[in-house]
Amino acid sequence: MARFDTPDGYFDAASSEPPHPAGRTALLDALETGWADPARLYGAARTARLTLDGARAQVAEVLGVRPDEVSFTGSGTQAVHLAVLGGLRARWRTGRHLVVSAVEHSSVLHAAELHELDGGTVTTVGVDRAGRVDPAEFAAALRPDTALACLQSANHEVGTVQPVEEVAAHCRATGVPLFVDAAQSAGRADLPGGWSLLAASAHKWGGPPGVGTLVIRKNTRWRSPLPADEREGRRVPGFENVPGAVGAAAALAAFRAEMAEEGPRLAALVEEIRARLPHLVPDVQVVGDPVRRLPHLVTFSCLYVAGEALLTELDRLGFAVSSGSSCTADTLRPSHVLEAMGVITHGNVRVSLPRGAKSTDVQRFLAVLPEAVARLRRSAGINA
Ligand SMILES: Cc1ncc(COP(=O)(O)O)c(C=O)c1O
């Protein structure tokens with residue numbers, strides 16, 4: 001394996017995409033050009049400022065927004081927190097009501113919890129069995145005192161793509177800004193239109209970890225929920241990570257360009273997994289929307305198997321996959337996404353193919369999975 005090839009059997013792109021070589025090269029170059037304080041008035045500082053603004057322009061171009069609408073943050077999570085809390089803060093005179101979907105990422109839900117603790121109110125809009133919100137139901141949750149609405153572009157656990165543009169039209173009609181958490185789709189597909197605030201995360205497209213982007217469209221009201229700081233247009237406090245921003249921008253441009261060909265290839269591999277699974281493994285349920293979904297991701301649940309045991313077994317067999325319902329040390333309950341969908345939460349496995357995933361690896365995965373499941377069921381005394 002060359003140093004920056006995708007590792008064999010790595011099927012967890014939704015957690016983190018392996019680093020894109022274009023991002024790595026750009027990041028290393030920017031360690032030379034982007035170390036000085038971009039706010040200062042001497043040569044090295046001007047170079048850092050130009051380098052940072054070049055990265056901003058590159059991200060803006062790929063995302064289809066204006067450079068002055070883009071800020072770099074310390075993670076996707078931080079971008080989400082700033083978008084949600086800053087969006088709410090700017091509209092407190094209108095009201096303190098927040099609308100979120102039930103299947104948002106924990107970063108959105110935790111920001112909503114903080115808002116509630118602070119005296120605000122939250123309405124959670126449910127989803128159907130495919131994990132999709134109904135735009136009419138979402139619209140019905142909007143009230144005269146709604147300060148902000150949140151809807152992800154696509155779900156991180158099951159890949160279901162949300163009807164963002166339809167929901168955005170309802171939000172526009174009622175004057176409510178819409179925040180879109182686009183961490184799972186940015187770089188893979190064009191962004192939907194109509195939103196006011198957006199967050200994304202560089203390590204999901206092969207950029208460096210610890211870099212996110214916050215996009216605030218022109219004429220959107222936003223007020224920082226944090227102490228004042230001059231950096232990043234007063235939107236993100238702290239000294240800028242210029243090399244990280246440059247690596248993120250270069251990786252995004254390269255990744256997005258490659259997805260024109262790579263996207264359909266990964267989609268065909270996922271289609272094969274979706275089609276063959278029910279014939280290979282008894283009592284398996286493929287979850288998520290069968291059509292309106294992220295092309296590189298498939299999630300399934302195996303009845304009578306503990307998710308964690310299956311992930312460990314697959315790791316032993318050389319596959320890195322993850323599960324929404326694993327009971328890790330800090331999440332002793334099943335996935336809120338699967339629960340909201342009303343589907344099986346047992347033995348849940350999420351396969352998300354990174355760029356360059358090999359067909360031979362997918363075939364090997366399908367070859368070993370049935371016996372891995374059968375073994376775990378036998379050890380639990382189930383002869384399925
Ligand atoms: C939908 C979604 N939003 C936000 C995040 C947070 O991004 P980060 O890992 O950069 O903090 C993630 C990462 O898992 C995600 O999947």
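1. A good place to start is the parallel pair: strand 2 (residues 97–101) and strand 3 are joined by 5 bridges. Within that pairing, serine 101 has valine 125 of strand 3 as its bridge partner. Strands here are DSSP runs of E of at least two residues, helices are runs of H or I of at least four residues, and both are numbered from the N terminus. Two strands count as paired if DSSP finds at least two bridges between them.

2. Before going on, a word on the model. It is predicted, so local features need pLDDT of at least 70 and side-chain atom pairs count only at pLDDT 80 or more, while totals for chains, interfaces and linings use all residues. Residue numbers run from 1 along each chain as its sequence is written.

3. Strands 2 and 3 belong to an open sheet of 7 strands with mixed pairing and the order 1-7-6-5-4-2-3. Its edge strands, strand 1 (70–73) and strand 3 (121–125), each pair on one side only. From one strand to the next, the twist averages 20°.

4. Helix 3 (residues 76–90) lies across several strands, including strand 1, strand 4 (146–150) and strand 7 (212–216), and runs at about 165° to strand 6 (197–201). Contact means C-beta atoms, placed from the backbone, within 7 Å. Axes are lines fitted to C-alpha atoms, for helices over the stretch in contact, with angles from 0 to 180 degrees between N-to-C directions.

5. Helix 3 also gives the largest share of the shell around the ligand, 3 residues. Of the 14 residues around the ligand (C-beta atom, placed from the backbone, within 6 Å), Gly76, Thr77, His156, Ala183 and Ser201 come nearest. By class, the shell has 2 nonpolar, 11 polar and 1 charged residues, with Gly counted as polar.

6. Helix 8 (residues 242–280) is worth a look: it spans only 48 Å between its end C-alpha atoms, where a straight helix of 39 residues would span 57 Å at 1.5 Å a residue. Helix 8 bends by about 60° at methionine 259, taken as the angle between axes fitted to the seven residues ending there and the seven starting there.

7. Finally, an open antiparallel sheet of 3 strands has the order 8-9-10. Strand 8 (284–287) and strand 10 (348–352) each have a single partner strand, so one side of each is left without a neighbour in the sheet. Threonine 299 stands opposite arginine 350 in strand 10.

Note on methods. Contact = placed C-beta atoms within 7 Å. Expected span 1.5 Å × (residues − 1).
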